[in-house]
Amino acid sequence: MTEPIRFPTKIAVLLRDDLASWQRLNVTAFLVSGIANAVPELLGEEYRDADGTRYLPMFGQPVLVFAGDRAALAGAHSRALTRGLRLSIFTAELFATGNDRDNRAAVQAVGRDKLDLVGLALHAPRNVVDKVVKGASMHP
């Protein structure tokens with residue numbers, strides 16, 4: 001039996017625990033796209049099936065999804081920024097917009113401490129991610 005791979009870093013998504021199922025899925029997809037853009041070396045090689053059909057590469061390590069209340073998101077946001085980490089964020093206002101331009105304008109209209117966060121994602125060393133998401137639980 002082979003030893004499991006232990007990655008030195010973590011990719012984590014933290015979602016607000018009161019989101020509808022479709023919102024959790026939508027927010028997670030948007031948030032991890034930011035991580036893939038910021039850290040493209042996290043992407044593995046492309047996939048191929050036995051017939052040689054090519055498929056897009058995906059992250060080469062797991063994405064851990066956590067849930068928490070508004071306070072957990074605000075705390076994680078603050079802890080991440082204090083540590084100088086880059087984040088993907090998703091605010092409640094983005095559910096009402098339909099494109100990237102309007103999404104960016106909605107975020108830019110609100111100060112950092114007043115953002116109505118429904119999700120965030122980060123990539124960092126394991127112990128740093130653990131400290132940032134402290135108090136959140138693994139998503140059920």
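**Exercise 1.** Is Phe 90 buried or exposed?

*Solution.* The structure is a predicted model. In it, Phe 90 has a relative accessible area of 4%. Buried means under 20%. Phe 90 is therefore buried.

**Exercise 2.** Classify the ring pair of Trp 22 and Phe 95, and locate both residues in the chain.

*Solution.* Three aromatic pairs are counted in this model. For Trp 22 and Phe 95, the ring centres lie 5.6 Å apart and the planes stand at 70°. Planes over 60 degrees apart count as edge-to-face, so the pair is edge-to-face. Trp 22 is in helix α1 (residues 21–38), while Phe 95 is in the loop between β5 (88–91) and α3 (100–108). The two residues are 73 residues apart, and their pair links distant parts of the chain.

**Exercise 3.** Assign an exposure class to Trp 22 and to Phe 95.

*Solution.* Trp 22 has 54% relative accessibility. Exposed means over 50%, so Trp 22 counts as exposed. Phe 95, at 25% relative accessibility, counts as partly exposed.

**Exercise 4.** Which class does the ring pair of Phe 90 and Phe 95 belong to, and which residues form the cluster of linked rings?

*Solution.* The centres of the Phe 90 and Phe 95 rings are 5.1 Å apart, with planes at 50°, so this pair is tilted. Ring pairs join Trp 22, Phe 30, Phe 90 and Phe 95 into a cluster.

**Exercise 5.** Describe the surroundings of Tyr 47 in the chain and on the surface.

*Solution.* Tyr 47 belongs to strand β2 (residues 47–48). With 40% relative accessibility, Tyr 47 counts as partly exposed. Together with Tyr 55 and Met 58, Tyr 47 makes a nonpolar surface patch of about 320 Å².

How values were computed. Residues numbered from 1 in each chain as written. Predicted model: local features only at pLDDT ≥ 70, side-chain atom pairs only at ≥ 80, totals over all residues. Heavy atoms only, no water. Patch = residues over 30% accessible without salt bridge, like charges linked within 9 Å, V, L, I, M, F, W, Y side chains within 5 Å. Areas by Shrake-Rupley, 256 points an atom, 1.4 Å probe, with all protein chains shown as cover. Salt bridge = Lys/Arg side-chain N within 4 Å of Asp/Glu carboxyl O. Helix = DSSP H or I, 4+ residues; strand = E, 2+ residues; numbered from the N terminus. Buried < 20%, exposed > 50% of the residue type's maximum accessible area, 1.4 Å probe, protein only. Phe/Tyr/Trp six-rings, centres within 6.5 Å; stacked < 30°, edge-to-face > 60°.
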